[in-house]
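User: Hello! I am new to this structure and would like a close look at one part, the open sheet. Could you walk me through how its strands are arranged and what surrounds them?

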Amino acid sequence: MTSRPAPLIPPRLRAILVRIPMLVRIVRFLRRGPLARDRNLLITLSVSTLVLGALAARVSTEWFSPSLFILVTLVGGLQLRLRSLAVLVSAVAVALAYIAVMLGVRSVGPGLVVTIGFTTVLASLMARTRGKLGVQGLRGDVMLLELRDRLKRQGELPPLPSKEWGSRVVLKQAGGSSFGGDFLVSMRHGNILEVALVDVSGKGVDAGTRALMLSGTFGGLLGSVESFLPACNAYLHRQPEGEGFVTAVHLRLDLSTGAYQITSAGHPPVVKFDAGTGTWQVSAAKGVVLGVVPDLHCEPDSGVLRKGDALMLYTDGLIEQPGRDIDSGLDRLLGEAERLVPSGFHDGARPLVNSMSAGHNDDCALILIWRP
C-alpha cells in the first residue's frame with residue numbers, strides 16, 4: 001500500500017475556507033479548463049505589471065524601474081500563448097502610459113520604448129513557435145536535447161569482444177550542430193554485427209529532420225529483414241517526391257570468424273587495411289542511390305578480416321571538396337589513413353577526420369573496425 005501525500009492545507013482550515021462562496025468560485029475559475037496554467041500565469045503577470053507601474057509612478061522609479069517590464073515580457077514570451085502575450089503587452093503599455101502621465105514623458109525615454117518593442121517582437125516569435133509545436137515553456141528545447149542524446153547513444157557501436165576486436169566512431173556535423181545528415185544504426189545479435197552508415201542529402205540542421213525520421217525507420221529494419229538496403233529503398237520509394245537522395249552502406253560482420261559482407265547504395269566505397277601487404281584496398285561493392293528505382297540491385301563485396309586488418313566506413317563529407325574530383329579526395333583519404341598504422345586505429349581516427357574536413361563545412365562520419 002502507498003501512503004497518500006499530506007494535504008497542503010490542514011483539514012480544519014480547509015473546512016473554514018470552503019464556506020466562503022467567493023473564494024470557492026475564484027478557486028474553481030483558476031482550475032477550470034485545459035488552459036488554466038496559461039490563464040493563471042497571465043493574470044499573475046498582468047497584475048504584477050500594473051502594480052509595478054503604480055509603484056514606479058507613486059513611489060520611486062529607482063526601486064521599481066520600468067525596465068523590469070522587459071523581463072516580464074520575456075517571461076510571457078517563454079510561457080504564454082500568443083493571444084495571452086498580446087494581453088500582457090497591453091498591460092505593459094498601460095503601465096508605461098500611466099508612468100508617463102504621472103511623471104512626465106521624459107520618465108519613459110525612447111531607448112526604453114524601443115527596447116521593450118524589440119523584446120515584444122522577440123517574445124512574439126518565441127510564443128508563435130511554441131504554439132506551432134504545441135509545447136509550453138522550454139519543453140521544446142528539452143525535447144531537442146533528448147533527441148540529441150538519443151542520437152549520440154545511437155551513434156555508438158554495440159560492445160565488442162575487447163581482446164579480439166576494436167572499433168572507433170567519429171561523427172562531425174556541419175557548423176558544430178548536434179544534428180546533421182549523417183547517422184549510424186547498428187546492432188549485434190550473437191556473433192553477428194550489423195552496421196549501416198547513412199548519408200542524407202543536405203547538411204547540418206537542414207538535413208537533421210530527415211535524418212531523425214530515417215534513423216528510427218532504418219534502425220527498425222536493421223536485423224529484422226534479410227535484405228536491409230532493398231527494404232530501405234522500398235520504404236523511401238513509397239515516400240513523396242522531392243525528399244532528396246539518400247546513400248547508405250551496410251556491413252554484416254561475423255565476430256567469430258571475421259567474415260564480412262558489404263553492400264552499398266550510392267555510398268563512397270569502403271576501404272580495407274590489409275595487414276599482410278600494409279596497404280588500403282577499395283571495396284568493389286556498388287549500388288544505386290536509395291529511393292530512385294523501385295527495385296534496388298546491389299553488387300556486394302565480401303572477405304575476411306584477419307589479425308591486424310581493418311575496415312573503414314565513411315561519408316562523402318570526408319572526400320568531397322569544392323573544385324576537386326572525388327577520386328582525388330579518396331586518394332588523399334588513403335594517404336592520410338597511412339598515419340593510422342603507426343599511431344593505432346583508435347588514436348588516429350579523430351585526427352584523420354579533422355584533417356580531411358579542414359577547409360570546408362560539411363557533415364562527416366567515420367567508422368573503424370579492426371582486429372588487434
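Analyst: Happy to help; here is a walk through the sheet, followed by a short look at some other parts of the chain. Please keep in mind that this is a predicted model.

The open sheet has five strands, and their order is E2-E3-E4-E5-E10. The pairing is antiparallel. Follow that order to its two ends and you reach strand E2 (182-189) and strand E10 (301-304), which stand at the edges. Each of these has a single partner strand, so one side of each is left without a neighbour in the sheet. From one strand to the next, the twist averages 15 degrees.

Now zoom in on one pair. Strand E4 covers residues 246-254 and strand E5 covers residues 259-265; the two run antiparallel and are joined by six bridges. Within this pair, Leu251 is found opposite Ile262 in E5.

A helix also packs on the sheet: H9, made of residues 228-237, touches strand E3 (192-200), E4 and E5. The direction of H9 makes about 155 degrees with that of E4.

Next, a loop residue. Asp316 sits in the loop between strand E11 (310-314) and helix H10 (326-337). Leaving aside residues up to four places away in sequence, Asp316 touches Asp199 and Pro268. Is Asp316 buried or exposed? Its relative accessibility is 18%, under the 20% cut-off, so Asp316 counts as buried.

Finally, for "transmembrane region", an unreviewed UniProt entry lists residues 40-57, 85-105 and 111-129. In the model, residues 111-129 are 100% helix, with end C-alpha atoms 27 Å apart.

Technical notes
Residues numbered from 1 in each chain as written. Predicted model: local features only at pLDDT ≥ 70, side-chain atom pairs only at ≥ 80, totals over all residues. Heavy atoms only, no water. Pairing = 2+ DSSP bridges. Helix = DSSP H or I, 4+ residues; strand = E, 2+ residues; numbered from the N terminus. Axes fitted to C-alpha atoms, helices over the stretch in contact; angles between N-to-C directions. Contact = heavy atoms within 4.5 Å. UniProt positions renumbered as here; feature names shortened; annotations may be inferred. Buried < 20%, exposed > 50% of the residue type's maximum accessible area, 1.4 Å probe, protein only.
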